[in-house]
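Welcome! Here are some short exercises to work through with the structure open beside you. Try each task before reading its solution.

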Amino acid sequence: MQVILDQDRCCSSGQCVLTAPEVFGQSDEDGLVTLRRARPEPGLYPDVRLAAVLCPGGAITVEEATGTP
Amino acid sequence: MVTTTPTAPALALPAAHGSCPFDPPPAYDQAARQGAVTPAELPDGAFCWLVTGHQEVRTVLSDPRFSADARHPGFPFLTPGRRALAVTNPSFIRMDDPEHARLRRMVTKDFLVHRVDAMRPGIQRIVDETIDRMTAAGTGADLVTDFALPVPSLVICLLLGVPYEDHELFQAQSRTLLDNRATPAEVEAAQRGLTGYLTELAARKRSHPADDMLSRLAAREDVSPAEIAATGLLLLVAGHETTANMTALSTVALLRRPEQAARLRADPELLRGAVEELLRYLTIVQSGLPRVAVEDVELGGTLVRAGQGVLAMLSTANRDERLFGAPGEGAADELEVSRDARRHLAFGFGVHQCLGQPLARAELQIALETLLRRLPGLRITVPEDELVFRGHSVVYGVDSLPVAW
Ligand code: SF4
């Protein structure tokens, strides 16, 4: 799995940080989403997928590698 | 098939509440059962679409073909007072990007998850002191005026840099701003009052800055005094009214279902999830979020034409059985504190989604946990049918909540 961010679409709601804090952060500078790891461990997949669904700005894209459960 | 002509008489807005104070008005519920998009008529006679399904509400709130800018013709207003409010000095909730993003991003920093986490001990102190004061004053109290309202008011005052001594002024004017019964003249007067107050306060902060949001806004060169006042007003009103009503209404909901409250007392780990479930179940912005289509859009099998207003109904979206009715979790119409309710839309969706949600969550978690723990005998002292629910306000809630412990 690979996580891709579009910071322009981030409205700093913090849903991603609450859902998958291991993967997402928020910049102290401007409040925009940051990526702590672009290739999360499989154990984090459900949280990352949920974070993408919850993101109100559509700033998070999850690319699932073929064959990933 | 795409339908454009309504086949049934349009639903009259706003609809009245039914017998359960926590359920959306039955007419909205019924509309939701018939389809995700229903023709409706605003009190001024204007046509608008009532959007009730979870997925369709998400689309309306996140698709730029629906505008939040109230200056567009066709923008739906539930009352003349709301029209007056949106047009005179709009805050960024009534703007589209990039104007909206420019102003919103000036204040996002203060609501970041890790910033709010750092505020938790301070919020806990405020909650404890408020309960101390309430219990020292007697054996009973009004949970709204003595707890639910002061806690978020104190927190937002601290964050914004508004003196809490002025709380009676801003609380009264906020209530008028949100009251559907208020006339345009009353709404305008309340808005003028608050705007004047915040403009003056910001001017003082410019000469005597402190470590607060208004001081930081006032120090900027790229924001006008009118924009500072409108932003401050939005944060002040949204920062206390919503959380206050969520706290009071959550307490009523939990006391009505003692087994749910008992589970929370026994297992505080459930609290974070329970707050999400309460947000879903209560959805206090019950009258819907207004938008206007700026292009033709097909929505849930219905063609919404450019220039038509839509109301995105968070309350029915949050009761959507397709999402919140999994077996073993209880029906969507039930409060179930262990349900996974994280996909609720109580904070809205899209770029306008509530900016203060990390703070709102922290306040609700701390307030409810502390209330349940410190007042194990908490009970409502009037018969339930004497409670006055705020069906007339943009923010639903209860006017007063007599309790003893
Ligand atoms: S959930 Fe989306 S909009 Fe919110 S902070 Fe994360 S990336 Fe930004």
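## Exercise 1: A cysteine and its surroundings

At 10% relative accessibility, A:Cys10 counts as buried. Keep in mind that you are working with a predicted model.

**Task.** Find where A:Cys10 is placed in chain A and which residues beyond its sequence neighbours it is in contact with.

**Solution.**
1. Start with the backbone: A:Cys10 belongs to the loop that joins strand 1 (2-5) to helix 1 of chain A.
2. Next, set aside neighbours within four places in sequence; the contacts of A:Cys10 are then A:Leu32, A:Val33, A:Ala59 and B:Arg105. The list thus includes a residue of chain B, B:Arg105.
3. For a distance check, take A:Ser27, 17 residues from A:Cys10 along the chain: their C-alpha atoms are 11 Å apart.

## Exercise 2: Looking for disulfides

**Task.** How many disulfides does the structure hold over all chains, and why does A:Cys11 not form a bond with the closest cysteine sulfur?

**Solution.**
1. The count over all chains is 0.
2. From the sulfur of A:Cys11, the closest cysteine sulfur is that of A:Cys10, at 6.1 Å. The cut-off is 2.5 Å, so this pair is too far apart for a bond.
3. Now add accessibility: A:Cys11 is buried at 8%, and B:Cys20 also counts as buried, at 19%. The limit for this class is under 20%.

## Exercise 3: The interface of chains A and B

**Task.** Describe the interface of chain A and chain B: how many residues are in contact, how much area is buried, and which elements of chain A give two or more residues?

**Solution.**
1. Count residues: 23 from chain A are in contact with 19 from chain B.
2. Turn to area: the two chains bury about 1800 Å² between them, with 51% of it on carbon and sulfur atoms.
3. Look for pairs: the interface has 10 residue pairs in polar contact and 1 salt bridge. That salt bridge joins A:Asp28 to B:Arg115, with the closest N and O atoms 3.1 Å apart.
4. Assign elements: on the side of chain A that touches chain B, helix 1 (15-19) and helix 2 (45-54) each give two or more residues. Helix 1 supplies the largest share, 4 residues.
5. Sort by class: this side of chain A has 10 nonpolar, 9 polar and 4 charged residues.

## Exercise 4: Salt bridges within a chain

**Task.** How many salt bridges are found over all chains, and which parts of chain A does the pair A:Glu64 and A:Arg49 tie together?

**Solution.**
1. The whole structure has 32 salt bridges.
2. In chain A, the side chains of A:Glu64 and A:Arg49 meet at 2.6 Å, N to O. A:Glu64 is in the segment after strand 4 (60-63) and A:Arg49 in helix 2, so the pair ties together parts 15 residues apart in sequence.
3. Check exposure: A:Glu64 is partly exposed at 36%, and A:Arg49 is partly exposed at 29%.
4. In chain B, B:Asp44 and B:Arg83 form a salt bridge with their closest N and O atoms 3.3 Å apart. This pair links the loop between strand 2 (37-41) and strand 3 (47-51) with helix 3 (residues 80-88), 39 residues apart.
5. Finish with a network: salt bridges link B:Asp23, B:Asp29, B:Arg33, B:Arg319 and B:Asp333.

Conventions
Residues numbered from 1 in each chain as written. Chains lettered and ligands numbered in written order. Predicted model: local features only at pLDDT ≥ 70, side-chain atom pairs only at ≥ 80, totals over all residues. Heavy atoms only, no water. Contact = heavy atoms within 4.5 Å. Buried area = accessible area lost by both parts, 1.4 Å probe. Salt bridge = Lys/Arg side-chain N within 4 Å of Asp/Glu carboxyl O. Polar contact = N/O pair within 3.5 Å; in protein donor to acceptor, adjacent residues only side chain to side chain. Nonpolar A, V, L, I, M, F, W, Y, C, P; charged D, E, K, R; others polar. Buried < 20%, exposed > 50% of the residue type's maximum accessible area, 1.4 Å probe, protein only.
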